[in-house]
Amino acid sequence: MAGNRERLSWVPMLGKARGPLYLAIADQIAADSAAGRLPAGTRLPPQRALAAALGIDFTTVSRAYNEARRRGLIEGRVGQGTYVQARPRGAGRSSSAGLVDMSMNLPPLFDDPALAERLWRDIADVQHEQGLAVLMRYQPVGGARQDRVAGAAWLKPRLGEVSPERLLVCPGAQGALLAVLGMLATKGDRICAEALTYPGLRSVAAYLGMEVLGVAMDEEGLVPEAFEAVCREQRPKVLYCNPTLHNPTTATLPLKRREAIVAIARRYGVAIIEDDAYGALPAAPVPPFAALAPDLVYHVAGLAKCLSPALRIAYLVVPNPIAAGRLESAIRATVGMASPLSAAIATRWIGEGTAQAVLTAIRGEAGRRQKLVAASLPGADVLTDRESFHLWLRLPAHWNRGEFAARLRAAGTSVVASDAFALSEPPEAVRLGLGAPETKVDLQGSLDVISDLLAQSPAALNLVV
């Protein structure tokens with residue numbers, strides 16, 4: 001057997017493979033291809049020769065090659081053999097010369113083929129365990145019991161024990177916001193939010209006919225004294241906030257400020273909607289508002305930024321079961337229910353530990369991309385956090401946000417100007433999403449364009465004749 005290994009171009013190092021052997025071989029092809037140990041164009045060993053080298057039957061190797069071919073990892077050439085593909089078909093997000101749409105704030109793609117395959121296997125297991133019913137049946141408006149329990153388990157590291165009766169499964173954070181705002185306030189009411197806030201909140205408030213008041217921020221986030229002034233003078237019904245890795249500035253509110261804001265909200269009878277879209281990303285998070293004041297806070301924890309945008313699932317933790325019942329009615333009247341299939345996939349990923357593995361992979365990739373930013377934009381006025389995958393770029397005096405964004409767009413890169421977030425006069429700044437580029441090479445290309453543009457004067461780029 002050792003002699004066979006020496007004569008072959010490649011032999012997988014399987015060790016003690018978990019699960020079917022054919023999947024382990026396919027996973028190793030994916031991993032070695034991604035790591036460069038199997039460059040594109042490499043001819044793989046004939047199936048019978050590999051089977052002999054591994055001491056397994058031919059059908060196992062044949063099945064492994066078929067699985068790798070299905071994933072787009074390899075291709076068969078008539079009369080020539082089997083070769084490694086240049087890249088898996090349909091993999092990743094499109095880019096052009098490293099220039100991408102950095103206006104999208106997406107979690108970065110992680111380079112772990114085995115973990116990617118684990119995600120798909122868990123989805124297949126949902127079919128085996130729940131059968132046709134998950135596709136052909138409705139579920140309770142606030143989520144099936146097992147999905148609520150899974151959501152509580154996912155949030156436990158940050159919120160502690162949460163009763164499933166206080167947790168609702170919603171069709172994404174936007175659906176949760178629509179239901180909560182519609183329950184807590186009515187048309188013509190005032191709500192407040194950070195002076196730079198999530199555009200989706202502005203959209204929901206406009207749809208419901210509510211006025212959004214901006215609360216002053218600094219580099220640590222929302223300023224408690226400014227919040228109290230708004231409460232005293234404007235009497236808002238609700239405070240909406242994004243206190244951890246704030247979108248767009250990446251600020252994280254310190255614990256003392258959170259405690260002060262809770263005290264102010266109690267004093268003026270203001271409910272708090274905590275949008276914790278990025279709350280799972282920090283390895284050592286500041287306690288959320290919902291852990292400090294569970295009787296006052298409506299906690300929205302979407303899975304789009306920390307697990308998968310495709311699921312469109314958010315967990316909504318409310319103060320008590322009575323509020324949960326009222327919100328079930330609001331969800332039924334507006335968006336109906338969360339997708340049972342998406343909820344079942346999320347529950348499976350959480351229960352099997354796959355969700356935690358994905359979160360760890362996203363954290364790692366975000367950290368590597370932040371290092372690229374630090375090296376590429378050393379002199380820029382950047383607000384960011386090593387655990388985030390977006391940043392807030394404050395522009396030098398010779399640039400305004402509109403012209404800067406337009407110049408970048410002409411070069412093939414899209415960013416979001418501050419106008420999308422500002423509740424009052426927009427600052428001269430743009431948000432960059434570091435997760436949209438498919439690879440770090442693509443990201444580096446975009447950062448080089450941005451760095452070069454920052455160093456130039458807009459006047460030097462004008463060509464008017």
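Buried means under 20% relative accessible area, exposed means over 50%, and partly exposed lies in between. These legends describe close-up views of a predicted model.

**Figure 1. Glu 211 and Arg 190 pair up in a salt bridge.** Arg 190 has a relative accessible area of 33%, so this residue is partly exposed. Glu 211 is partly exposed too, at 40% relative accessibility. Their side chains meet with 3.3 Å from N to O. Glu 211 belongs to strand β5, and Arg 190 belongs to strand β4 (residues 190-194). The pair therefore ties together parts that are 21 residues apart in sequence. Side chains of opposite charge can pair when their charged atoms come close. In total, the structure holds 25 salt bridges.

**Figure 2. An open sheet is built from 7 strands.** Read across the sheet, the order is β3-β11-β10-β9-β8-β4-β5. The pairing is mixed. Strands of a sheet pair through backbone hydrogen bonds, either parallel or antiparallel. Which strands stand at the edges? They are β3 (167-170) and β5 (211-215). Each has a single partner strand, so one side of each is left without a neighbour in the sheet. On average, neighbouring strands of this sheet are turned by 20 degrees against each other, direction ignored.

**Figure 3. Strands β8 and β9 run parallel.** Strand β8 covers residues 238-241, and strand β9 covers residues 271-275. The two are joined by 4 bridges. Look for Val 238: its bridge partner in β9 is Ala 271.

**Figure 4. Helix α13 lies across three strands, β3, β10 and β11.** The helix spans residues 321-334. Strand β10 covers 297-302, and β11 covers 314-317. Against β3, the helix runs at about 15 degrees.

**Figure 5. Strand β13 has β12 and β15 as antiparallel partners.** A hairpin joins β12 to β13 through 6 residues. Strand β12 (residues 381-383) is linked to β13 by 3 bridges. Here Val 382 stands opposite Leu 393 in β13. Between β13 and β15 there are 5 bridges. Leu 393 appears again here, with Val 430 as its bridge partner in β15. Is β13 (residues 390-394) largely enclosed or largely open? In this strand, 4 of the 5 residues are buried, so β13 is largely enclosed by the rest of the structure.

**Figure 6. Arg 431 is buried yet has no salt bridge.** This residue is found in strand β15 (residues 429-433). How far away is the nearest side chain of opposite charge? That side chain belongs to Asp 101, and the distance is 8.0 Å. A salt bridge needs a side-chain nitrogen of Lys or Arg within 4 Å of a carboxyl oxygen of Asp or Glu. The Arg 431 side chain does have polar partners. It reaches the backbone oxygen of Ser 103 at 2.8 Å. It also makes a polar contact with the side chain of Asn 247, at 2.9 Å. Other residues that Arg 431 touches include Met 102, Pro 248, His 390, Trp 392 and Phe 421.

**Figure 7. Arg 257 and Asp 218 form a salt bridge.** Their closest N and O atoms are 2.6 Å apart. Arg 257 lies in helix α11 (residues 255-268), and Asp 218 lies in strand β6 (residues 217-218). The pair therefore ties together parts that are 39 residues apart in sequence. Arg 257 counts as buried because its relative accessibility is 15%. Asp 218, at 35%, counts as partly exposed.

**Figure 8. Glu 365 and Arg 368 meet in a salt bridge within helix α15.** The N to O distance is 3.3 Å. The helix covers residues 354-376. The partners are 3 residues apart, about one turn of the helix. Glu 365 has 2% relative accessibility, so this residue counts as buried. Arg 368, at 42%, counts as partly exposed. Elsewhere, salt bridges that share partners join Asp 27, Glu 67, Arg 71, Glu 117 and Arg 121 into one network.

**Figure 9. Leu 132 sits in a loop.** The loop runs between α5 (113-130) and α6 (133-136). Is Leu 132 buried or exposed? Its relative accessible area is 60%, so Leu 132 is exposed. Ala 324 is 192 residues away along the chain. The C-alpha atoms of Leu 132 and Ala 324 are separated by 29 Å.

Methods. Residues are numbered from 1 along each chain as its sequence is written. This is a predicted model: local features need pLDDT of at least 70, side-chain atom pairs count only at pLDDT 80 or more; totals for chains, interfaces and linings use all residues. Side-chain values use heavy atoms; hydrogens and water are left out. Two strands pair if DSSP finds at least two bridges between them. Axes are lines fitted to C-alpha atoms, for helices over the stretch in contact, and angles run from 0 to 180 degrees between N-to-C directions. Contact means heavy atoms within 4.5 Å. Buried means under 20% relative accessible area, exposed over 50%, partly exposed in between (1.4 Å probe, protein chains only). Lys and Arg count as positive and Asp and Glu as negative; His and the chain ends are not counted. A polar contact is a pair of N or O atoms within 3.5 Å; within protein, one must be able to donate a hydrogen and the other to accept it, and residues adjacent in sequence count only if both atoms are side-chain atoms. Lists of a residue's contacts leave out its neighbours within four places in sequence.
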